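This report covers one protein model. It takes up a single histidine first, then a sheet, and then the enclosed and open spaces.

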Amino acid sequence: MVRVLVCGDIVWARQECEDLLKGLAEVTPLDSPTRTDFLAHCAEPQGKYADVVGIFHTNVSVARIGAFDRALVQGLPRSVKWIAHKGAGYDKIDVVACKERGIFVSNTPGAVDDATATTALYLVISSLRLFAHAEQDLRAGKWKASHRAGAAHDLTGRTLAILGLGGIGLRLAELAHAFPMRIVYHNRRPAPNAPAWCEYFSADRLDEMLAQTDVLSVHVPLKAETEGLVGETMLRKLKRGAVVVNTARGKVIDEQALIRALEDGHLGAVGLDVFPDEPAVNPRLLGFPNATLLPHVGAATSDTQRNMEVRALTNLRDFFTKGMSADVVPEHRQ
């Protein structure tokens, strides 16, 4: 029987793991305290990780063995053919290196849509209404002494621009449309499942969209070509007083450009659930009363975590039974 290596933990779907992989694979937990130890055992022909064909991967394992970068991927047992990542974003896995090794990578799109979109909606509301600062005042015994109604805004009638209308962006659009907010978006091409009330702006009209934007919500994956995508130029194209919300990945935004725009008042507020160097947070951000900050909890609910685990395990089951999974990452389709 083939083996599945669990790099991380299966916490919420242990019974589903047993049911999905029963008779197909033996589940082996990660038993290496360090990256060096892990790679050493991977190199042993009859070692503890010999004959591993599939890997269940979570970002929790990064603390022990590091990212699945080129060096680690090249050191995996030659038997490995599939890495099932638990999560929508898979920037901790070098997919190019995996492709060179003949290893497929899958993720769990859809499973995180609702939780992450509701997190983004909270950040939109808090940023426009300045709720985070009001709560800080209350906890400090100041009631609402420093709250300025003139700096706070309703959502109704405001324009929400979504940068990347995938599953999460579309769910946020549905939620925000109820206020109603006007919804505009930019993708490389129109989203086929976008409702008629979502207005599409192509690349040659991006500046036009930014000039109309009250809130820019970022939902693009972190790749080499998207690092720093929301930088000085894009931020300065936003109308003065606009809000930026990010629940994607911290490095998609140029943090220094963001801080400068907050300092000089070009941005009215920010709402961030992700940061470039997590778990470290730039201390300059902590000093802005108009910054709502969360410690990357967008998908941190019991319901969503279970859905992600089941989806990743299902991807492994599908590989063992069908040779492929519907959730293979886009790089494998190129």
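## Surroundings of H41

Leaving aside residues up to four places away in sequence, H41 is in contact with S32, G47, K48 and Y49. The model is a predicted one. H41 belongs to helix α2, which spans residues 35-42. Its relative accessible area is 17%, and because buried means under 20%, H41 counts as buried.

## The seven-stranded sheet

Seven strands form an open sheet with parallel pairing, in the order β8-β7-β6-β9-β10-β11-β12. The edges are taken by β8 (198-200) and β12 (291-293). Each of these has a single partner strand, so one side of each has no neighbour in the sheet. On average, neighbouring strands of this sheet are turned by 20° against each other, direction ignored.

The pairing of β11 with the edge strand β12 is parallel and runs over three bridges. One residue pair can be named here: G271 has T292 of β12 as its bridge partner.

Helix α6 lies across β9 (215-218), β10 (242-246), β11 and β12. Relative to β10, α6 runs at about 150°.

## Cavity and pocket

Which residues line the largest cavity? The lining consists of N246, G250, I253, E255, L258, L272, V274, F275, P276 and L285. The structure has one cavity of 30 Å³ or more.

The second largest pocket holds about 270 Å³ of space. Its lining has 15 residues, and those closest to the pocket centre are L130, R148, A151, G268 and N290. Two elements each give two or more residues to this lining, namely α6 (113-129) and β11 (267-272). These two elements also appear in the sheet description above, where α6 lies across β11 among other strands.

The table sets out the volume and the lining make-up of both spaces.

| Space | Volume | Nonpolar lining residues | Polar lining residues | Charged lining residues |
|---|---|---|---|---|
| Largest cavity | about 60 Å³ | seven | two | one |
| Second largest pocket | about 270 Å³ | six | eight | one |

In the cavity lining, E255 is the charged residue, because Glu counts as charged. Among the pocket residues closest to the centre, R148 is the charged one, because Arg counts as charged.

Key:
Residues are numbered from 1 along each chain as its sequence is written. This is a predicted model: local features need pLDDT of at least 70, side-chain atom pairs count only at pLDDT 80 or more; totals for chains, interfaces and linings use all residues. Side-chain values use heavy atoms; hydrogens and water are left out. On a 1 Å grid over the protein atoms alone, a cavity is a set of points where a 1.4 Å probe fits but cannot get out, and a pocket is an open set with protein on both sides within 12 Å along at least five of seven lines; lining residues have an atom within 4 Å of a point. Grid points are joined across faces, edges and corners, and a volume is the space filled by probe spheres set on the points. Helices (H or I, at least four residues) and strands (E, at least two) are DSSP runs, numbered from the N terminus. Buried means under 20% relative accessible area, exposed over 50%, partly exposed in between (1.4 Å probe, protein chains only). Contact means heavy atoms within 4.5 Å. Two strands pair if DSSP finds at least two bridges between them. Axes are lines fitted to C-alpha atoms, for helices over the stretch in contact, and angles run from 0 to 180 degrees between N-to-C directions.
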